Amino acid sequence: MKRTVPYFMLASLLLMTACQNHKRDYDAEGFFESTEVIVSSEANGVILSMDIREGDEVVKGQVVGTIDSTQLYLAKMQLLKSLESVEGNSPDVKKQVSVLEEQIKKLENEKKRVENLYKDGAATPKQLDDVNAQLAVARSQYEAQYSSLHNTVTSINAQSSSIEMQVAQMDDRLSKCKVRSPLSGTVLSLYAHSGEFAAAGKPLFKVADLQNVYLRAYFSSGEIPGLKLGQQVKVYADYGGDDTYAYDGTIEWISQKSEFTPHNIQTPDERNNLVYAVKIAVKNDGKIKLGMYGGVKFIEQ
């Protein structure tokens with residue numbers, strides 16, 4: 001006798017089978033991203049060169065473009081000439097007081113001679129007083145001239161330092177006319193080209209470190225207590241179908257604030273509306289692309 005399966009039992013069996021076939025193997029899911037930096041112009045002027053294209057690899061500090069710096073260079077040359085002129089007016093204190101120093105030495109020798117004569121009765125008190133007075137005047141003149149020259153040198157040194165600071169500022173502005181990459185990575189977008197005018201703050205290009213990427217995965221509140229910074233996990237880059245690559249991952253950031261589950265992310269428990277974002281660092285072998293879907297599995301201890 002042929003037995004038939006009731007319809008509702010068959011439907012339930014098919015539903016269970018479908019659920020088993022689509023059962024998720026990941027503890028969390030997310031998408032790959034990287035640290036992206038938009039490099040903006042720090043100077044005003046015409047872009048003379050922009051020697052990069054989208055997809056180019058650059059290294060940290062590499063000069064990838066230049067902005068016209070003619071006016072800044074001329075302003076620096078003018079400052080250097082002013083500095084040269086100011087320093088040229090600085091007096092040589094030693095030479096200018098040497099005459100008075102020599103005069104004081106002669107008067108001191110004369111004073112000793114007169115004192116000896118005075119002791120022997122060959123000189124009068126007036127002669128001794130006269131030489132002392134001359135010596136006092138010479139010393140006063142020396143102090144006055146030295147103080148005046150010292151003040152002049154101090155003032156000129158202050159002017160020189162001020163101009164040197166302006167030159168340093170000009171050097172800094174000139175250095176900013178060279179567009180450099182702030183990190184080693186890949187040029188993702190190019191926003192400006194040679195011949196265009198660049199204003200300070202204008203975006204020039206976007207670069208990202210694609211060798212060190214992150215999987216931004218989302219965990220339910222029940223899973224968060226079991227996570228910690230530095231924890232090792234397995235990360236899977238999903239190309240669709242059975243094409244999946246496994247990588248070692250390290251948890252580097254755990255959000256302290258919950259958020260609603262993104263519409264394109266599924267969690268093991270679909271009833272979880274609030275999840276926590278977690279960034280997992282992954283060393284990219286070149287296969288992982290930004291925006292690619294990925295999953296996470298805990299490593300059993």
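# Strand pairing, cores and helix α3

I251 stands opposite I280 in β14. The model in which this pairing appears is predicted. The report begins with the strands around β14, and then turns to the open sheet, the nonpolar cores, helix α3 and the surroundings of K176.

## Overall composition

The chain contains 4 helices and 15 strands. Of its 301 residues, 31% are buried. Among contacts between residues at least 6 apart in sequence, 77% join residues at least 24 apart. The chain exposes about 19500 Å², and carbon and sulfur atoms supply 52% of that area.

## Strands around β14

Strand β14 covers residues 274-283 and pairs with strand β10, residues 212-220, in the antiparallel sense over 9 bridges. Within this pairing, Y214 has A281 of β14 as its bridge partner. Strand β12, residues 244-254, is also antiparallel to β14, and 5 bridges join the two. A281 appears here as well, since T250 stands opposite A281 in β14. A281 is thus faced by Y214 and by T250.

Strand β13, residues 259-260, is joined to β14 by 2 bridges, again in the antiparallel sense. The bridge partner of F260 in β14 is L274. Strand β12 has a further partner in strand β11, residues 232-238, with 7 antiparallel bridges between them. One of the residue pairs is K234 with D248, the latter in β12. The table collects the bridge counts, together with that of one pair from the open sheet.

| Strand pair | Sense | Bridges |
|---|---|---|
| β10 and β14 | antiparallel | 9 bridges |
| β11 and β12 | antiparallel | 7 bridges |
| β12 and β14 | antiparallel | 5 bridges |
| β13 and β14 | antiparallel | 2 bridges |
| β3 and β8 | antiparallel | 2 bridges |

## The open sheet

An open sheet of 4 strands has the order β6-β5-β3-β8, with antiparallel pairing. Its edge strands are β6 (178-180) and β8 (197-198), each of which pairs on one side only. At the β8 edge, the contact with β3 consists of 2 antiparallel bridges, and V46 has F197 of β8 as its bridge partner.

## Nonpolar cores

Nonpolar side chains tend to be buried together in soluble globular proteins. In this model the largest nonpolar core has 27 residues, of which I52, V179, L204 and F205 touch the most other members. The elements that give two or more residues to this core are β3 (45-50), β5 (63-67), α2 (70-88), α4, β7 (185-190) and β9 (203-208). The largest share, 5 residues, comes from α4.

With neighbours within four places in sequence set aside, L204 is in contact with V39, S40, S41, I47, M50, V179, L190, Y191 and A192. Another core, of 20 residues, lies apart from the largest one, and its members include F32, L215, A217 and V235.

## Helix α3

Helix α3 runs over residues 93-119 and has 27 residues. From its first C-alpha to its last it reaches 39 Å, close to the 39 Å expected at 1.5 Å a residue. There is nevertheless a bend of about 35° at V99.

The buried residues of α3 are V93, V97, L100, I104, L107 and V114. The cover over these buried residues includes α4 (125-175), which is also the element that gives the largest share of the largest core. After α3 comes G121, which has a positive phi, near 80°.

## Surroundings of K176

K176 lies in the loop between α4 and β6. K176 counts as partly exposed because its relative accessible area is 30%, which falls between the limits of 20% for buried and 50% for exposed. Along the chain K176 and S41 are 135 residues apart, yet their C-alpha atoms are separated by 8.0 Å. Not counting residues up to four places away in sequence, K176 touches E42 and A43. S41 also belongs to the contacts of L204.

Terms used:
Residues are numbered from 1 along each chain as its sequence is written. This is a predicted model: local features need pLDDT of at least 70, side-chain atom pairs count only at pLDDT 80 or more; totals for chains, interfaces and linings use all residues. Side-chain values use heavy atoms; hydrogens and water are left out. The expected span of a helix is 1.5 Å times one less than its number of residues. The bend at a residue is the angle between axes fitted to the seven residues ending there and the seven starting there. Buried means under 20% relative accessible area, exposed over 50%, partly exposed in between (1.4 Å probe, protein chains only). Contact means heavy atoms within 4.5 Å. A nonpolar core is a set of buried Ala, Val, Leu, Ile, Met, Phe, Trp, Tyr and Cys residues joined through side-chain atoms within 4.5 Å. Two strands pair if DSSP finds at least two bridges between them. Accessible areas come from the Shrake-Rupley method with a 1.4 Å probe; for residues, only the protein chains shown count as cover.
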